[in-house]
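Got the viewer open and a free hand for selecting? Let's take a walk through this one, stop by stop.

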Amino acid sequence: MDAVPRIRVVIAKPGLDGHDRGVKIVARALRDAGMEVVYTGLHQTPEQVVRTAIQEDAAAIGLSILSGAHMTLFARVLELLRENDASDIVVFGGGIIPEADIPALQEMGVARIFTPGATTQEIVGWVRSAIPSPV
């Protein structure tokens, strides 16, 4: 019996932020919902995140950013995806991101931002609806 293909998501904690409880909860919720999750760990560079996503054939990258460097880190990840012909990888994220910055992030190509208070059910539901299931 063949295994059902699962949505593959790379979850990353880029930059200098060392707070990882929330990102681990999201990674576990996605995994428990039947997705294949690759958590890259703390202090990843955008280059490491994109390289992992490409190597793992991920459909999405979820970034958790609490450091205030969200504009720079999201922009660099999106730039690297374009440079590596991998713009089909959906980028979403969450953390401490001011509401005023969300439209600019969406304009640059971030599919969705989850702010504090978002539930794991909301995140799982969005990923399921936004990321096509592999065939």
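**Starting in a strand**

Select Thr40 to begin: this residue sits in strand E2. Keep in mind that you're looking at a predicted model. Is Thr40 buried or exposed? Thr40 is buried, because its relative accessible area is 17%, and the cut-off for buried is under 20%. Show what surrounds it: leaving aside residues up to four places away in sequence, Thr40 touches Val10, Ile11, Ala12, Lys13 and Thr52.

**Out to the loop**

Now click on Thr45, in the loop between E2 and H2. With a relative accessible area of 33%, Thr45 is partly exposed. Add Arg76 to the selection: Thr45 and Arg76 are 31 residues apart in sequence, and their C-alpha atoms lie 9.4 Å apart in space.

**The whole sheet**

Switch to a cartoon view and pick out the strands. Five of them make an open sheet with parallel pairing, and the order across it is E2-E1-E3-E4-E5. Which strands stand at the edges? They are E2 (36–44) and E5 (112–114); each has a single partner strand, so one side of each is left without a neighbour in the sheet. From one strand to the next, the twist averages 20°.

What holds neighbouring strands together? In general, the strands of a sheet pair through backbone hydrogen bonds, either parallel or antiparallel.

**Strand E1 and its partners**

Select E1, residues 8–14. This strand is mostly covered, with six of its seven residues buried.

Look towards E2 first. E1 and E2 run parallel and are joined by six bridges. Two pairs to label are these:

- Arg8, whose bridge partner in E2 is Glu36
- Val9, which stands opposite Val37 in E2

Then turn to E3, residues 60–65, which pairs with E1 in the parallel sense over four bridges. On this side, Val9 has Ala60 as its bridge partner, while Ala12 stands opposite Leu63.

**Helices against the sheet**

Bring up helix H1, residues 21–32. H1 packs on the sheet and touches E1, E2 and E3, and its direction makes about 175° with that of E1. Trace the chain through E1, H1 and E2 and you've followed a right-handed β-α-β unit.

Next, select helix H2, residues 46–55. H2 lies across E1, E2 and E3, and runs at about 165° to E2.

**Into the cores**

Time to show side chains. The largest nonpolar core has 24 residues, and those touching the most other members are Ile61, Leu63, Phe74, Val77, Leu81, Val91 and Ile113. At least two residues each come from E1, H2, E3, helix H3 (70–83) and helix H4 (102–108). H3 gives the most to this core, with six residues.

Zoom in on Ile61. What does Ile61 touch, not counting residues up to four places away in sequence? Its contacts are Val10, Val49, Ala53, Val77, Leu81, Ile89, Val90, Val91 and Phe92. Apart from the largest core lies another one, of 18 residues, with Leu30, Ala60, Val90 and Val124 among them.

**Last stop: the annotated span**

Finally, select residues 6–134. An unreviewed UniProt entry annotates this stretch as "domain: B12-binding". Its end C-alpha atoms lie 6 Å apart, and the span is 42% helix and 24% strand.

Conventions: Residues are numbered from 1 along each chain as its sequence is written. This is a predicted model: local features need pLDDT of at least 70, side-chain atom pairs count only at pLDDT 80 or more; totals for chains, interfaces and linings use all residues. Side-chain values use heavy atoms; hydrogens and water are left out. Two strands pair if DSSP finds at least two bridges between them. Axes are lines fitted to C-alpha atoms, for helices over the stretch in contact, and angles run from 0 to 180 degrees between N-to-C directions. Contact means heavy atoms within 4.5 Å. A nonpolar core is a set of buried Ala, Val, Leu, Ile, Met, Phe, Trp, Tyr and Cys residues joined through side-chain atoms within 4.5 Å. Buried means under 20% relative accessible area, exposed over 50%, partly exposed in between (1.4 Å probe, protein chains only). UniProt positions are given in the numbering used here, feature names are shortened, and annotations may be inferred rather than shown by experiment. A crossover is right-handed if, with the strands pointing away from the viewer, the path from the first strand over the helix to the second runs clockwise.
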